[in-house]
Amino acid sequence: MKKATSGKMKEPLSQREQHRAKVIDAIAQTMDLYGVSYSFGQLYGIMLFEDRPMTLDEMQESMNMSKSNMSYAVRALMDSKMVSKLDEKVDRKDLYEAETNFFKAFQLFFATKLQREIDVMRGAVDEVLPQLQETILALETPEEERMLCLKDLHKLKHAVSYYDWLQQFVDQLGSGQFFNGQQVEDQTNES
């Protein structure tokens, strides 16, 4: 058995743990595609297979990760809506639980990420558009600069159309509209 290194899962012992480890590895690899670090993906996978909420200490033991890195990982997963902090505590320790409904996890993760993109980009574009229009209309703006600003204005208006569409998509994603009758609210009780 290999010795666990910092930020790595413990070596699986039983057949069931080996099967779980394969799926956890796949989860970590796929989450890495979406900007979630591999070790954070492993943590989510471990939490997904738990039949109960976990404390930071339990997660730390499962991952052999420092407490500060574990706290950071949990915060990142909470920001992505993949993990939630429960109101109850055990021995004055906070409890955390993974979102086990993949439809809901997808919905929450992507809606959160896309909404952040929309907010950042629309904030910048909405601030720049009026200034760009003023530059275009200003009498002292050289003609070559005016033409370049008009090109930029055209690109930014296209961006506004895209982000308006993306906002509608995020709103529909948040409503669960894209799941073709799949129950987003609670898939976990059907197994």
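A contact here means heavy atoms within 4.5 Å. With that in hand: this is a predicted model, and in its protein chain, residues 24 or more positions apart account for 59% of the contacts with a separation of 6 or more.

The overall layout, then. The chain has six helices and two strands. Read from the N terminus, the order is α-α-α-α-β-β-α-α. Of the 191 residues, 32% are buried. The exposed surface of the chain comes to about 12600 Å², and carbon and sulfur atoms supply 52% of that.

I'll spend the rest of the time on helix H1. H1 covers residues 15-33, which is 19 residues. From first C-alpha to last it reaches 28 Å, close to the 27 Å expected at 1.5 Å a residue.

Which residues of H1 are buried? They are Ala21, Ile24, Ile27, Ala28 and Met31. Looking down the axis of H1, these buried residues fall within an arc of 125°, so they line one face of the helix. The spacing is the usual helical argument: an α-helix has 3.6 residues a turn, so residues three or four places apart point the same way.

What does that face pack against? The buried residues of H1 pack against two helices, H2, at 38-49, and H4, at 67-79. On the other side of H1, Gln15, Lys22 and Leu33 are exposed. Note that a leucine, Leu33, is on that exposed list along with Gln15 and Lys22.

Last item, the end of the helix. Just after H1 comes glycine 35, with a positive phi of about 90°. H2 then begins at residue 38.

Notes
Residues numbered from 1 in each chain as written. Predicted model: local features only at pLDDT ≥ 70, side-chain atom pairs only at ≥ 80, totals over all residues. Heavy atoms only, no water. Helix = DSSP H or I, 4+ residues; strand = E, 2+ residues; numbered from the N terminus. Expected span 1.5 Å × (residues − 1). Buried < 20%, exposed > 50% of the residue type's maximum accessible area, 1.4 Å probe, protein only. Arc of directions from axis to C-beta. Areas by Shrake-Rupley, 256 points an atom, 1.4 Å probe, with all protein chains shown as cover.
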